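Me: Got a model open here. Can you walk me through it, quick answers please?

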Amino acid sequence: MKSILLRATLMSVMALALGPRVGYASADAPTDAEVEAHKDVLDLAGAFTNDGFKLRDGYYAGTLKTGQLVVIQVNLYAGNEYWFSVATAKPESAVTIAVYDETGNLVKTNPYTDAHRAAAGFSPDNSGPFYLKIADTGAPATYCTIYSYK
Amino acid sequence: MTVWRCILTGLLALTGVHAWAADQPVPKLAPAVLAQAVTDDSFSVPTPGELLAALNKVGKPNWQAQYRPPIPTAYTSRPQIALNLGGLIADGYLAVEAEDSQQVKNIGKDIITLAKTLGISENVLKRGRSIEDFAENNEWSTLKEELDATQNEVKLAMDEQQDEELTTLVTLGGWIRGTQAVSGWIASNYTEPEAKLLRQPGILALLRAKLAALPVRTREDDLVKGLDPRLQAIQEMVSFPVTATPTQADVKKLNDAAGELVTNITSKR
């Protein structure tokens, strides 16, 4: 128990030191890496399109430094089914995606992970704001995220 | 042990990060992190198609009943053109849901006419032709994506013309017209699950913040100036708690407010 508490304390200290860091997409033309990540995430989302999901035109892209995370707000409708997909530009740069509700609680999703690509699928019980948390798993990465619904 | 617990509790309170200990729930996102979340109106604001898809799951709406008469297409104010372009795109979604190819084509033409007045018709024109072709061939599923793409094409063209502030108005115009149509249907065919779909506190908070950040010259446009008080009233109507359900009277009130705003947006001045 003591070691768990020590580890939690250490992680809390690290979190305090780093603070919440948020990455932003560039308003300029997409970089080559963003284009590559976009291509890969579209490839992943194609599987959902085959299952009747509509792909939202538009994407959110940026660069994550090591240990950095980005949190993006989305506003969803109860009863719809959603898949949120993300990919990085390099196969060796793993990425994770998680969905949180408006009170900050982690939402149970259907996960998909494939090296540098990840997806989370779920159907909200209530309409309102939700938050996507995209994080790298150890290396800097340019990412692109998109979503599909039905 | 007590010392460690005190340190831990203090640090967790400061950071908002919850414990990873085995007997604790998974970490929450702290309110400070949620407040700093990225919002982008092209990603964070749902398309009218998403709202219509949700409503289709709990009812069989007659979308033709929510059509409106053709709107003017000869405005001179660029913010007003942008707001009405968004509204027309929402009309396009309604026509696609109603699987009404003639209405889709009519709306496509109006979108192109309005886009031309902003000088952004080149790529939008191509989309317009695609919309006409897909409507001709009853490709309803493809049309939904094409409308979404048209909205983004309009915004992209605005960006290229240094009219990027107008993109928020396109999104806003679409959301208001979509809300008017959907609340109109629900008010006339009330069920609790449909009424609960109208809950969307985040969208108007986001759009009002974007409006407040518009350049002064756009904010001082007569039409834009009058938007915020009306949006504030609508925001209150769609910000009910997760556990609450609006009554039929509440939905009617929302429909009236959205309708008044749409009338205001379409009226020539």
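**Strand pairs and helix packing**

Reply: Start in chain A: A:Ile97 sits opposite A:Ile134 of strand 8 of chain A. Strand 5 of chain A and strand 8 of chain A pair antiparallel over 6 bridges. Pairing takes at least two DSSP bridges between two strands. Strands are DSSP runs of E, at least two residues; helices are runs of H or I, at least four; both are numbered from the N terminus.

Me: Ground rules before we go on?
Reply: This is a predicted model, where local features need pLDDT of at least 70, side-chain atom pairs count only at pLDDT 80 or more, and totals for chains, interfaces and linings use all residues. Residues are numbered from 1 along each chain as its sequence is written, while chains are lettered from A and ligands numbered from 1 in the order in which they are written.

Me: What are the ipTM and pTM scores?
Reply: ipTM is 0.83 and pTM is 0.82.

Me: Back to that sheet. What is the strand order?
Reply: 3-8-5 in chain A, an open sheet of 3 strands with antiparallel pairing. Strand 3 (69-76) and strand 5 (95-100) of chain A are the edges, each pairing on one side only. Neighbouring strands are turned by 25 degrees against each other on average, direction ignored.

Me: How many bridges join strand 3 to strand 8 of chain A?
Reply: 8, and the two strands run antiparallel. One of the partner pairs is A:Val71 with A:Lys133 in strand 8 of chain A.

Me: Is strand 8 of chain A buried or exposed?
Reply: 8 of its 9 residues are buried, so strand 8 of chain A is largely enclosed by the rest of the structure. Buried means 20 or more other C-beta atoms within 10 Å of the residue's own; exposed means 12 or fewer; partly exposed is in between; C-beta atoms are placed from the backbone.

Me: Which chain B helix lies across strand 3 and strand 8 of chain A?
Reply: Helix 10 (residues 201-212) of chain B, running at about 75 degrees to strand 8 of chain A. Axes are lines fitted to C-alpha atoms, for helices over the stretch in contact, and angles run from 0 to 180 degrees between N-to-C directions.

Me: And strand 2 of chain A, which residues are on each side?
Reply: A:Tyr60, A:Gly62 and A:Leu64 are on one side, A:Ala61 and A:Thr63 on the other, all buried. Side chains of a regular strand alternate between the two faces of the sheet. Strand 2 of chain A is joined to strand 9 of chain A by 5 bridges, antiparallel. There, A:Leu64 faces A:Ala141.

Me: Helix 2 of chain A: what span is expected, and what does the model give?
Reply: Its 18 residues (32-49) should span 26 Å at 1.5 Å a residue, and the end C-alpha atoms are 25 Å apart, which agrees. The expected span is 1.5 Å times one less than the number of residues. Its buried residues include A:Glu34, A:His38 and A:Phe48. Among the strands they pack against are strand 2 (60-64) and strand 9 (141-149) of chain A.

Me: Switching to chain B. What's in it?
Reply: 14 helices and 0 strands. Its C-alpha atoms fill a box of roughly 75 × 45 × 35 Å along the principal axes. Of its 269 residues, 46% count as buried.

Me: Where is pLDDT lowest among the chain B elements?
Reply: Helix 1 (residues 2-15) of chain B, with a mean of 41; helix 14 (residues 248-266) of chain B has the highest, 97. Over residues 1-22 of chain B the pLDDT is below 50, yet the stretch has 39 contacts beyond near neighbours in sequence. pLDDT is the predictor's confidence in each residue, from 0 to 100. A contact needs C-beta atoms, placed from the backbone, within 7 Å. Where pLDDT is low, predicted coordinates should not be read in detail.

Me: What about the chain average?
Reply: Chain B averages 86, and 90% of the residues score at least 70.

Me: How do helix 8 and helix 14 of chain B pack?
Reply: At about 140 degrees, with axes 8 Å apart. Residues that meet there include B:Gly173 and B:Ile176 from helix 8 of chain B, and B:Val251 and B:Leu254 from helix 14 of chain B.

Me: And helix 3 with helix 4 of chain B?
Reply: About 35 degrees, axes 9 Å apart. B:Pro48, B:Gly49 and B:Leu52 of helix 3 meet B:Ala90, B:Tyr93 and B:Glu97 of helix 4, both in chain B.

Me: How many residues of helix 3 of chain B are buried?
Reply: 8 of its 11. Its cover includes strand 1 and strand 9 of chain A.

Terms used: Two residues are in contact if their C-beta atoms, placed from the backbone, lie within 7 Å.
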